[in-house]
Amino acid sequence: MIALDMVDSKILDLLQTDASRSIAEIADQVHLSQNACWRRIKRLEEEGVIVKRVALLDPEKLGVGVTVFVSVRAGEHSEKWLETFASAVRKMPEVVEFYRMTGDVDYLLKLQVANIAAYDRVYKSLIKAAPITDVSAAFAMEELKRSTALPLAS
């Protein structure tokens with residue numbers, strides 16, 4: 001874990017809510033010169049705190065507004081199986097998040113798809129990828145909160 005002071009935390013908060021802000025705007029908000037602010041941002045990037053800056057897109061407007069959470073139970077628990085399965089899943093553009101879990105479910109995938117037929121195509125790709133014991137899907141009815149912002153120490 002990296003030690004952050006209050007200025008670093010404020011810079012990160014500003015960037016994770018709107019990464020298109022100019023250095024001048026951020027510097028003004030955190031009461032630093034532009035050069036000092038830029039140096040802090042560069043340091044945070046070099047230390048890997050800031051991984052990348054991206055644009056967040058509206059899935060509805062892009063025709064992939066159906067969110068599906070897919071639980072997978074592995075057919076076996078070997079390194080070879082995991083490599084095969086993970087490689088196949090990473091190639092599926094519909095899979096926007098992919099986790100190895102503890103508990104009853106081995107893997108959890110978050111998908112953005114257009115409709116049930118699009119999910120079915122992903123499902124068929126999943127069951128071809130590697131032996132699976134069980135696949136279960138839950139379709140989100142309503143998005144109540146979505147954020148990419150991480151909680152920061154105040």
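Two strands pair if DSSP finds at least two bridges between them. With that in hand, we can walk through this predicted model, starting from its strands and ending with its charged side chains.

**Strands around V70**

Strand β1 is a good place to begin. It is joined to β3 by 7 bridges, and the two run antiparallel. Within this pairing, V70 stands opposite L109 of β3. Strand β1 also pairs with strand β4 (residues 132-139), again antiparallel and again through 7 bridges. On that side, the bridge partner of V70 is A137.

**Two nonpolar cores**

V70 and L109 turn up again inside the protein. The largest nonpolar core has 19 residues, and those touching the most other members are V70, F85, Y107, L109, L111 and L126. At least two residues of this core come from each of β1 (66-74), α4 (79-90), β3 and α5 (116-129). Helix α5 makes the largest contribution, with 5 residues.

Y107 deserves a closer look. Setting aside neighbours within four places in sequence, its contacts include V70, S71, V72 and A74. Also in contact with Y107 are W81, L82 and F85, along with F98, Y99, R100 and M101.

There is also a second, separate core, made of 11 residues, with I11, L14, I41 and I50 among them.

**Helix α2**

Which residues of helix α2 (residues 23-30) are buried? They are I26, A27 and V30. Viewed down the helix axis, these buried residues fall within an arc of 100°, so they line one face of α2. The cover over them includes α1 and α3. Just after α2 comes H31, which has a positive phi, near 60°.

**Salt bridges**

Side chains of opposite charge can pair when their charged atoms come close. In total, the structure holds 11 salt bridges. Three of them are set out here, with the distance from N to O.

| Salt bridge | N to O distance |
|---|---|
| D8 and R40 | 2.9 Å |
| E45 and K42 | 3.2 Å |
| K110 and E97 | 3.7 Å |

Take D8 and R40, whose side chains meet in a salt bridge. D8 sits in helix α1 (residues 6-17) and R40 in helix α3 (residues 34-46), so this pair ties together parts that are 32 residues apart in sequence. D8 has a relative accessibility of 2%, under the 20% limit, and therefore counts as buried. Both residues also belong to a network of salt bridges that links D5, D8, R40, R43 and E47.

The salt bridge between E45 and K42 stays within one helix. The two residues are 3 apart in helix α3, which means that about one helical turn separates them. E45 is partly exposed, at 24% relative accessibility, and K42 is partly exposed too, with a relative accessible area of 31%.

What about K110 and E97, which form a salt bridge with their closest N and O atoms 3.7 Å apart? This pair links distant parts of the chain, with K110 in strand β3 (residues 107-113) and E97 in strand β2 (residues 95-100), 13 residues apart. Is K110 buried or exposed? At 16% relative accessibility, K110 counts as buried, whereas E97 is partly exposed, with a relative accessible area of 30%.

Technical notes: Residues are numbered from 1 along each chain as its sequence is written. This is a predicted model: local features need pLDDT of at least 70, side-chain atom pairs count only at pLDDT 80 or more; totals for chains, interfaces and linings use all residues. Side-chain values use heavy atoms; hydrogens and water are left out. A salt bridge is a side-chain nitrogen of Lys or Arg within 4 Å of a carboxyl oxygen of Asp or Glu. Helices (H or I, at least four residues) and strands (E, at least two) are DSSP runs, numbered from the N terminus. Buried means under 20% relative accessible area, exposed over 50%, partly exposed in between (1.4 Å probe, protein chains only). A nonpolar core is a set of buried Ala, Val, Leu, Ile, Met, Phe, Trp, Tyr and Cys residues joined through side-chain atoms within 4.5 Å. Contact means heavy atoms within 4.5 Å. The arc is that of the directions from the helix axis to the C-beta atoms.
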